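Colleague: I should like to go through this structure with you, one question at a time. May we begin once it is in view?

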Amino acid sequence: MLESCKNAQERWGGVHQLIDRWLSERRELLVSYTRLSQALHDNGKVTTARIEEFREFLVDYLSAGHFEIFEQLMHEAKAFNDQEALKLLDTTLPWLHESTQQLMQDEDHLAPLSLTDLEKTLGHTGELLAERFEQEDLLIAKLHAAHAPEESAQLVQ
């Protein structure tokens, strides 16, 4: 997941400062997730600080997506009158909203948990994040295509 996060930032990093910052937050979230997972598998050496760090990164990332990024992507699609991007938003945003609800439920259940429950919740969270990043990357790629048609056509292919 970390490698695909790095690739996404390299592909779309210059499109917009807002997206740059968000992709940077995604990377921090993934680093925190990896640290927490490693601590869990290292004989259950999970600290409350590690859990709280991950929870904060998760909430910040999800909030930025909903209150800044998705709204911005929709405005840009409308500004470019990009019907294909608007259609993608119509199908993707409901799924992203649902995944946010599920991730927030996971976040609520991260502490305090037994190690078995923590492992299960963290596994579910990781799966949802991986799916979510793919959907978010599709949206970013489509909007990048609206901004720079020739350049992005090469990136998307």
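Modeller: Let us start with a term: helices here are DSSP runs of H or I with at least four residues, numbered from the N terminus. Please keep in mind that this is a predicted model. In that numbering, Glu52 and Arg55 both belong to helix H3, residues 48-79.

Colleague: How many residues apart are Glu52 and Arg55 in helix H3?

Modeller: Both residues lie in helix H3, and their separation is about one turn of the helix. Their side chains form a salt bridge, with the closest N and O atoms 2.9 Å apart. Along the chain, Glu52 and Arg55 are three residues apart.

Colleague: Is Arg55 buried or exposed?

Modeller: Buried means a relative accessible area under 20%. The relative accessible area of Arg55 is 15%, so the residue falls below that cut-off. Glu52, at 29%, counts as partly exposed. Arg55, by contrast, is buried.

Colleague: With which residue of helix H4 does Arg55 form a salt bridge?

Modeller: The bridge has an N to O distance of 2.9 Å. It links distant parts of the chain, from helix H3 to helix H4, across 52 residues. The partner counts as buried, at 8% relative accessibility. That partner is Glu107.

Colleague: Which residue caps the N-terminal end of H4?

Modeller: The cap rests on a side-chain oxygen that lies 3.2 Å from the backbone nitrogen of Glu84. The residue that supplies this oxygen is Asp82.

Colleague: How far apart are the end C-alpha atoms of H4?

Modeller: H4 has 26 residues, and at 1.5 Å a residue they should span 38 Å. There is a kink of about 30° at Thr92, shortly before Pro94. The end-to-end distance nevertheless agrees with the expected span, at 37 Å.

Colleague: What is the separation of the C-alpha atoms of Ala111 and Arg55?

Modeller: Ala111 lies in the loop between helix H4 and helix H5. Leaving aside neighbours within four places in sequence, Ala111 is in contact with Ile51, Glu52 and Arg55. Ala111 and Arg55 are 56 residues apart along the chain, and their C-alpha atoms are separated by 9.3 Å.

Colleague: Which residue of helix H2 forms a salt bridge with Glu136?

Modeller: A search of the whole structure finds eight salt bridges. In this one, the closest N and O atoms are 3.1 Å apart. The pair joins helix H5 to helix H2, 110 residues apart, and both partners are buried. The partner of Glu136 is Arg26.

Key
Residues are numbered from 1 along each chain as its sequence is written. This is a predicted model: local features need pLDDT of at least 70, side-chain atom pairs count only at pLDDT 80 or more; totals for chains, interfaces and linings use all residues. Side-chain values use heavy atoms; hydrogens and water are left out. Helices (H or I, at least four residues) and strands (E, at least two) are DSSP runs, numbered from the N terminus. Contact means heavy atoms within 4.5 Å. The expected span of a helix is 1.5 Å times one less than its number of residues. The bend at a residue is the angle between axes fitted to the seven residues ending there and the seven starting there. A polar contact is a pair of N or O atoms within 3.5 Å; within protein, one must be able to donate a hydrogen and the other to accept it, and residues adjacent in sequence count only if both atoms are side-chain atoms. A salt bridge is a side-chain nitrogen of Lys or Arg within 4 Å of a carboxyl oxygen of Asp or Glu. Buried means under 20% relative accessible area, exposed over 50%, partly exposed in between (1.4 Å probe, protein chains only).
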